[in-house]
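Student: I'm new to this one, so could you walk me through it with a few questions and answers?
Tutor: Sure, have a look at it and ask away.

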Amino acid sequence: MVLIGLEDVDDETAKKYPGLENYATCQSKAFVIGLTTSVIGAGMGYALYKCLRLRYPIPPKFNIVFAAGSGIILGYIAASTATKQCQKMWLIDAERQGKVSKDRLRVLQRQAKIQDSTITVPDEPSIGKTKYGDYLGKPVE
């Protein structure tokens, strides 16, 4: 989701999704972290290539492979980790404001595999489990 500015989001949508402004700020930081880590990782990959070339006969055409490969991998890891933190923060904000039902929060916890003690959902017995692994329970009112 690309937001040019939060002024572009109408008030009705902002009320529907609590913490949208904080989430957008967090996502912007996550993307900057990913980009910065990619550049630093590319530099580290190039330095690694130079060090390995002193010891082993590696052809010069592989310098871009080391630099680009390390930059892409490290940037992806950093950006995805920061994005998961933003998702956790949004779920916590939504729960605190009472905008997410307990059943929906339980599903989101399973999907995101959140192991956070700040989000607590009382365990209720489910009716059953489908062949696809979905849990059946009480319908959301």
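Student: Is Tyr23 buried or exposed?
Tutor: Keep in mind that this is a predicted model. The cut-off for buried is under 20% relative accessible area. Tyr23 has a relative accessible area of 11%, so Tyr23 counts as buried.

Student: Which residue forms an aromatic pair with Tyr23?
Tutor: There are three aromatic pairs by the rule used here. In one of them, Tyr23 sits 4.3 Å centre to centre from its partner, with 40° between the planes, which makes the pair tilted. That pair links distant parts of the chain, helix H2 and helix H3, 67 residues apart. The partner, partly exposed at 22% relative accessible area, is Trp90.

Student: And how far apart are the ring centres of Tyr49 and Phe66?
Tutor: This pair also joins H2, with Tyr49, to H3, with Phe66. Tyr49 is buried at 1% relative accessible area, whereas Phe66 is partly exposed at 26%. Ring pairs link both of them with Tyr46 into a cluster. Tyr49 and Phe66 are tilted, with 40° between the planes, and centre to centre the distance is 5.8 Å.

Student: Which helix gives the most to the nonpolar surface patch?
Tutor: The patch covers about 740 Å², and its residues include Ile40, Met44 and Leu74. Helix H2 (20-55) and helix H3 (63-96) each supply at least two residues. Leu74, for one, is partly exposed at 32% and belongs to H3. With five residues, the top contributor is H3.

Terms used: Residues numbered from 1 in each chain as written. Predicted model: local features only at pLDDT ≥ 70, side-chain atom pairs only at ≥ 80, totals over all residues. Heavy atoms only, no water. Patch = residues over 30% accessible without salt bridge, like charges linked within 9 Å, V, L, I, M, F, W, Y side chains within 5 Å. Areas by Shrake-Rupley, 256 points an atom, 1.4 Å probe, with all protein chains shown as cover. Salt bridge = Lys/Arg side-chain N within 4 Å of Asp/Glu carboxyl O. Helix = DSSP H or I, 4+ residues; strand = E, 2+ residues; numbered from the N terminus. Buried < 20%, exposed > 50% of the residue type's maximum accessible area, 1.4 Å probe, protein only. Phe/Tyr/Trp six-rings, centres within 6.5 Å; stacked < 30°, edge-to-face > 60°.
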